[in-house]
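Me: I'd like a close look at a single part of this one. Pick a helix, walk me through the side chains that link up with it, and start with whatever terms I need.

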Amino acid sequence: MKLDWKTCGRVGLCAFLLFLAIRYWGYIDTLVPALLAAATPLLLGCAIAYVTNILMNGYERFWFPKSKKTLVKKMRRPACLTLSFLTVVLVLLLVIALILPQLIDCLFVIADLIPNAIRNVITQLEEWGLLSDELYASLAAIDWKAKLEGALGTVVSGVGNLLQVVIGMVMSIFGGLVTLLIAAIFAIYLLASKETLARQFTKLGTRFIKEKQWERLTHVLNVMNDSFRKFIIGQVTEAVILGLLCMIGMWILRLPYATMIGALVAFTALIPVAGAYIGAFSGAFMILTVSPVKALIFLVFIVVLQQIEGNIIYPRVVGSSIGLPGIWVLVAVTLGGGILGVLGMLLAVPLTATAYKLLREHLNKPLPTPAENNDAEATDTVTPQKETEPTPPPAVKKAKKKKKSS
């Protein structure tokens, strides 16, 4: 690489910026979280727009594709956009309606069963001879329900004034709703003018980025978009299949909370690998409040269902679509969950699939031959050209001939 003034200037600028970043890191550490917090509605709107765009594209393919009427073409985008948002909202409301009421009932049942469970444990320990008669008599005389209510009152009083707690909850809920509303409005703007934004982004990139670099950047973005789109479609399909199989199997086995646990398993199955286990253990704990034997049957059923899902459903629906081996899915979920929690689990798999595809493309490219390397070096080197005298015009040529003849 030849050193010129431009290269030296770039190196000097990078070193100066690095010095500023190290020198004022405290200010940057404060500024970056503030900027991310301010941009949360916009980032959430981009995520909503990306997921909703998948639905909108599907609706647009079925919205009178062969019609040539102007009104139909003008109504295609607004109608499909409205249908997409309505679909997302209805699915969320359906999941909440299936899970929340029975979950509240289950919590009340657990609160009523805890005192009896404590008494049963004390009795069992006394039968095994692990408790003395005096200790057993003192423990049996305790009103465990009153003790639990007193402990709950202590926790509530420790949190603070009830009015302050309610006001804080209302303010947090109101802030979340405002953020969600701004994100939804921003997503609507993005989806309504996505072609214009793509055209402007392309024009901006081709103006300020070199052609080869722009081609590489667009290729990486296309691979990433393909990985995220296939991952979302495959994960949602796999979650719906798993939830339906869980609900049908629980109906056949006559287990309680079949609809709620099926919806819960489907909702948590959106998290790769670990999501279905989270929903399964939550469902087993709920069934345990009704019957320990049925909870054991449910755990055996979930283990069998997970084997079917892991060996048949997931490789066919998700694994083949994103093109990522199972071991790397597990690595991505583990690392992503450790860094960003549930959000990291959702983002890590498609990002790892993108890196895996790009690396595989690079490794599968044939190595250039020595002749191709020589040709590339020859095209890079500039051959000096000899200076040629400019050709005189025809009038000058005629004048020179006349002088010679004379």
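Reply: Let's fix one term before anything else: a residue is buried under 20% relative accessible area, exposed over 50%, and partly exposed in between, with a 1.4 Å probe and protein chains only. By that count, buried residues make up 24% of the 406 in the chain. Bear in mind that this is a predicted model, where local features need pLDDT of at least 70, side-chain atom pairs count only at pLDDT 80 or more, and totals for chains, interfaces and linings use all residues. Numbering runs from 1 along each chain as its sequence is written, and side-chain values use heavy atoms, with hydrogens and water left out.

The chain has 16 helices and zero strands, taken as DSSP runs numbered from the N terminus (H or I, at least four residues, for helices; E, at least two, for strands). The part to zoom in on is α9, residues 211–253. Its 43 residues reach 62 Å from first C-alpha to last, close to the 63 Å expected, where the expected span is 1.5 Å times one less than the number of residues. Just after α9, R254 takes a positive phi of about 60 degrees.

Now look at D226. Salt bridges here mean a side-chain nitrogen of Lys or Arg within 4 Å of a carboxyl oxygen of Asp or Glu, and the whole structure has five. D226 meets R229 at 3.3 Å, N to O, and K230 at 3.4 Å. R229 sits three residues from D226 in α9, about one helical turn away; K230 is four residues from D226, again about one turn. D226 also bridges to K357, with the closest N and O atoms 3.3 Å apart. Since K357 lies in α14 (residues 342–364), that pair ties together parts 131 residues apart in sequence. So D226, R229, K230 and K357 are linked in a network of salt bridges. As for cover, K357 is buried at 11%, while D226 is partly exposed at 21%, R229 at 34% and K230 at 30%.

There's an aromatic link to α9 too. Rings of Phe, Tyr and Trp (its six-membered ring) pair if their centres lie within 6.5 Å; planes under 30 degrees apart are stacked, over 60 edge-to-face, and the rest tilted. The F201 and W214 rings have centres 5.7 Å apart and planes at 50 degrees, so they count as tilted. F201 belongs to α8 (residues 194–208) and W214 to α9, so the pair joins parts 13 residues apart in sequence. W214 is buried at 10%, whereas F201 is partly exposed at 45%.
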